[in-house]
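Dear colleague,

I am passing on the structure we spoke about, and I would be grateful if you could look it over before reading my notes. The notes come after it.

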Amino acid sequence: MRAAEPVLAPVLSARRRRRAPPRLLRDPSFLTGALITLVIGAIAVAPGLFTSEDPLRVDGTRRLVAPGATHPFGTDELGRDMFSRVLHGARLSVSAGLFAVLLATTLGGVLGAIAGYLGGTLDEVIMRVADIFLGFPALVMAMAIVAAMGPNLMNALIAFSIVWWPQYTRLVRVSVVMAKEQVYVEAARAAGAPEARIMLRHVAPNILSPVIIKVTLDVGTAILLTAALSFLGLGAQPPTPEWGSMITTGRSYMLEYWWYPTFPGVAIFLTALGFNLLGDGVRDFLDPRLANA
Amino acid sequence: MGLVIARRLAFLVLTLVGMSLFVFIVTHAVPQDPARLVAGDYATRATLEKVRQDLGLDRPLWEQYYLYMRALLRGDLGRSFMSNKPVLKEILTFLPATIELSLASVVFSLVLGLGLGVLSAINRGGLIDHASRLISVIGAAMPIFWYGLMLQLIFYRRLGWLPVGGRLGSSFAAPPTITGFYTIDAALTGQWPMVWDAVAHLVLPGVSLGFLTVAILARITRSSMLETLNQDYVRTARGKGLRESRVIMVHALRNASLPIVTVFGLRLGAVFAGAVLVEAVFAWPGIGTYAYKAIEFSDYPVIISFAVIASLLYALVNLATDLVYFALDPRIKQ
Amino acid sequence: MRHWTRLITLLIAGLALAPAWPAAVGAPVRDTFNFGSITKVASLDPHRITSGWDQYLLAYVYDVLVGRKKGSSEPDPRLAVSWRVSPNARVYTLKLRERVKFHDGSDFNAEAVRYSIERANHFKVGAGWVLEDVEKFEVVDPATVRFTLKQPNALFLSWLDSLFIVSPAHVRKNERRPGDYAADFYADGANGTGPYRVTQRIPGDKVFLERFDGYWNGWQPKHFRRIVQWEVGEATTQRLMLERGELDAIRLFSSDDVRAMRRSADLVINETPSTNQFYIRLNMAQGPTTDARVRKALAYAFDFKLFYQIEDQFGPSDGPCVSEFMDGWKPSGLINEANMSRAQQLLREAGVGPFRITFLYPTGVEWERRAAEIWQNNLKQLGVTVDIRTQTWPTMFAKLVAWKDTRDTATMENSYGQLWGVRYADTHAYLNFMYRSDAIGGAGRNMMYYNNPEVDRMIDQATLQPSVKARVDMYKRACQMVTDEAPDIFVGRSLMRLPMRKDVKGFYFDKLDWRIPFHQMWRE
């Protein structure tokens, strides 16, 4: 049996879950993460509240203008306002990241739970198939899939889920197996509780912690992978503002027009940071042994 | 133990077959005609047909797959459509370059990642801890080509300390191929200026590639160490009056190493993927670029062979990781 | 903690000493010319290469029978010193140069020409097209050869510029299996009669060339002895290397980069109008673009001025043909300025309401994307929505060609971006591949189904005219016809640009392509 990553060690005692929630709200990591995530979420949902500029308006008279009063993030090579583009890009990039991860989590999690709980041949089969998919470089596989299906964002996300689900399967399976062997589950079984009930009440909550942590960590990675695919020309199509493709185009302007790839880069960074801190906070709360760290 | 390895090897074969089939299907789904690329812009339709026949593209899919697998069993990976050279030969040319780069990044990320992680664990809550957490988060959140570009601007353009393109400067022809690693091959043939030049060319791309692993490794090491440092046996060691550094290095780190090794093994696979981006930015002639070009041009023999080789390598890395595991902690049963 | 402090001190000391490391960034070696190529070299085989870039590199390793005079389209004697063309342009007799040696010491003669033709025909790809029309080839004597063509073709001499000559002795000696024509050796090595030898090829990385002292055309002592081609795929990296002097020249396509590099005191930007033109091709077989008024409206909606401002390597197009080959003539009625009211009027006349079209461009070609976005922006005001899509060029090409058989409305593309340049110095190289009705797939680029039998006829007739003037007259008529039908938006004609270090002298542009005349250049 392979060990799980220790940051994702499942909670072993039911007792601890009854500790009071307010501790979470006092954790600075969690608060910062939550704040950032909320702000970015707000921007993603309603970018129009934060800027009135049209992210698609081409204007030859104001090409590659440096950041200033009228254009806080400068303009791009077609004269479009970067501030507006970055804000509107939030919607696409964030939802892309979330969607990809949730897809992978659902698919992988369900398979992992089945494998872990039922064990036996089904477990073997699922894990072997997962290993096959794990045995191939994710980016290259995603490239192949996107190249075959056509370069657009939706296909890129589907490609991610195909590439990522095994990680969740492994994670969930390990958690389920470890939880299954705990004393209190044996006790519950001895007391005659039905399997389904054991699954829901005892095993399921123990999966949540590592999965939630992994999801929050992976959202940042998902956004970065979308950017990488755009780098290779296989992501969102023009003229949609998407952080990854802005960085890609922007990198050839890096030397003179530093703002072009910088602001979308910072946006990705902040989003990933927000989700990471959120995840850290949740993990620290759920596993207080590490919380003291 | 021997049974375990045998089972794993058997499974490996299954994996390779499954992977090759999957990739074969995926790549043939693209509505593309590699024959046209081989034939060139000015070829007539008759030439195109001839090329298609020569490449075996006019046969039914299952037959193409069967022929490919049959050749594979003989060790023949086919010929690249683009260059007409044997794929095995090309892979052996490009793979060492990527492995050399990956190893450089591994060394960098191990030293810095472990170092930062251990320092943070010891120094919990202090300046180093916060600084290293910040580095971790930044490392995990910025695109690889970002660091690459930043490093190029600082160390090449501004300071002129380190080179940014290729594996060697133009005053050197490539060393004779013994291992395919320029550093080693140059050293083995006694060309010390070349060794120095090769190492210099490895620094910036290696650091770019390794940065993300530094971030992840630092976090894992930190939390794993913290967990270990609280354990009874550590307290016992301290109580026995052992020097602090010995306590950390020998007892705590050794026991903390299991999850570190797991994550590290996982990261090696990711390093491979990240190599595509770093190779692009630093003009590194490695297998990532080779595979990407092949995918772009539907160079089927290359793509499938690459899939097989990559899976093989990954499986070997996994096996090695598990063996290290086993050596570190004999309590773990397969 | 003492240990860590020691470690950190060591690290800082190491970094501080770093400038003392042997110069990692090489200073230019006087007689070596380093240049950067964005594309990767596929192969060095003169009879298998399909990429123009590889051809330009090999142009100084191998020779052809007949080349082009410097800066013009006039034929220039190379391995052939003189020639006779029969009045009906069907028989070509060429007298070969004497006392020419290959890099390996073997002699050049008529047998070498015969063998090269045999080898090119064996592979059939790459330059094989040159020999498509050849009915018979004869060795008249060791210094004379004769081509007899299947039908009259006044352009044959200019096609010979793509046929490289190899040494039969060397090929046979390096065959791995009898009859494989040494394909494996020639992929990574070379043996020609040109001024440079290939000393090493590192696939995906570099190609090293070195002076061949026995070159038949002689050598200037101060000219570059050594050439290194670097395959640097990333534009920014290339530029950094040029600015530091690690590279002496690069081929760059970003006009914003060029603007910045002009300010550098160490660099000079060599520029000349090229024969490359960029078209937005519109579907002539199906969809809203089958109506000429709609096509012209779409053209009037393109903001040419803004495009030339953003991509200053482009200027106004000459239309279907390039004026250099037409005695300076350009067709009348070319649309090369935006006119939104005219566009609106045309759409009204055509009676179409708001509609949607797709535009396809090859992945990675950023300036095509920008052109599309400018176009899209204006068309929005006219109620036309443009769906910009990208695919890698091979996929795109296959898809567009395949549509010929399905004609399925669901998979139709309404437009796509086409950059077209020529391999030989004649308008035929444009018309035959862009506008001939059956030029779809293979070498053809007529993937939007332009179909005009008159134009087809004129293209065929032109190749039969030995007189340049007669040919040009026919081309004029054909080009005007095409311009009137406006099957494309003639977006622009591009410049060839080569940023170079100032201390490199002797460079000049070839009329047609991007080759760099290494053996005529030196460093001051």
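Below is what was found in it, beginning with conventions and then going from one chain to the contacts between helices.

This is a predicted model, in which local features need pLDDT of at least 70 and side-chain atom pairs count only at pLDDT 80 or more, while totals for chains, interfaces and linings use all residues. Residues are numbered from 1 along each chain as its sequence is written, chains are lettered from A and ligands numbered from 1 in the order in which they are written, and side-chain values use heavy atoms, with hydrogens and water left out.

Chain A has eleven helices and zero strands, where helices (H or I, at least four residues) and strands (E, at least two) are DSSP runs numbered from the N terminus. Of its 293 residues, 62% count as buried, buried being under 20% relative accessible area, exposed over 50% and partly exposed in between, with a 1.4 Å probe and protein chains only. Among contacts in chain A (heavy atoms within 4.5 Å) between residues at least 6 apart in sequence, 72% join residues at least 24 apart.

Two residues other than glycine have a positive phi and may deserve your attention on the display. Leu64(A), with phi near 50°, lies in the loop between helix 2 (28-45) and helix 3 (82-118) of chain A, and is buried at a relative accessible area of 11%. Asn84(B), with phi near 65°, lies in the loop between helix 4 (61-73) and helix 5 (87-122) of chain B, and is likewise buried, at 19%.

Also in chain B, Ile220(B) sits in helix 9 (residues 192-229) and counts as buried at 4% relative accessibility. Its C-alpha atom is separated by 9.5 Å from that of Phe264(B), 44 residues away along the chain.

In chain C, helix 9 (residues 292-300) and helix 11 (residues 340-350) pack at an angle of about 160° with their axes 8 Å apart, axes being lines fitted to C-alpha atoms, for helices over the stretch in contact, and angles running from 0 to 180 degrees between N-to-C directions. The two helices are therefore roughly antiparallel (angles under 35 degrees count as roughly parallel, over 145 as roughly antiparallel, 65 to 115 as roughly perpendicular and the rest as oblique). The residues of this contact divide into eight nonpolar, no polar and four charged, where Ala, Val, Leu, Ile, Met, Phe, Trp, Tyr, Cys and Pro count as nonpolar, Asp, Glu, Lys and Arg as charged, and the others, Gly among them, as polar.

Between chains, helix 7 (residues 144-158) of chain B and helix 7 (residues 235-244) of chain C pack at about 5°, with axes 11 Å apart, which makes them roughly parallel. The residues of that contact divide into five nonpolar, three polar and four charged.

Finally, a search of the whole structure finds one disulfide over all chains, a disulfide being a pair of cysteine sulfur atoms within 2.5 Å. Cys321(C) and Cys479(C) form it, with their sulfur atoms 1.6 Å apart. Cys321(C) lies in the loop between strand 13 (314-315) and helix 11 of chain C and Cys479(C) in helix 16 (residues 468-485), so the pair ties together parts that are 158 residues apart in sequence. Both Cys321(C) and Cys479(C) are buried.

With best regards
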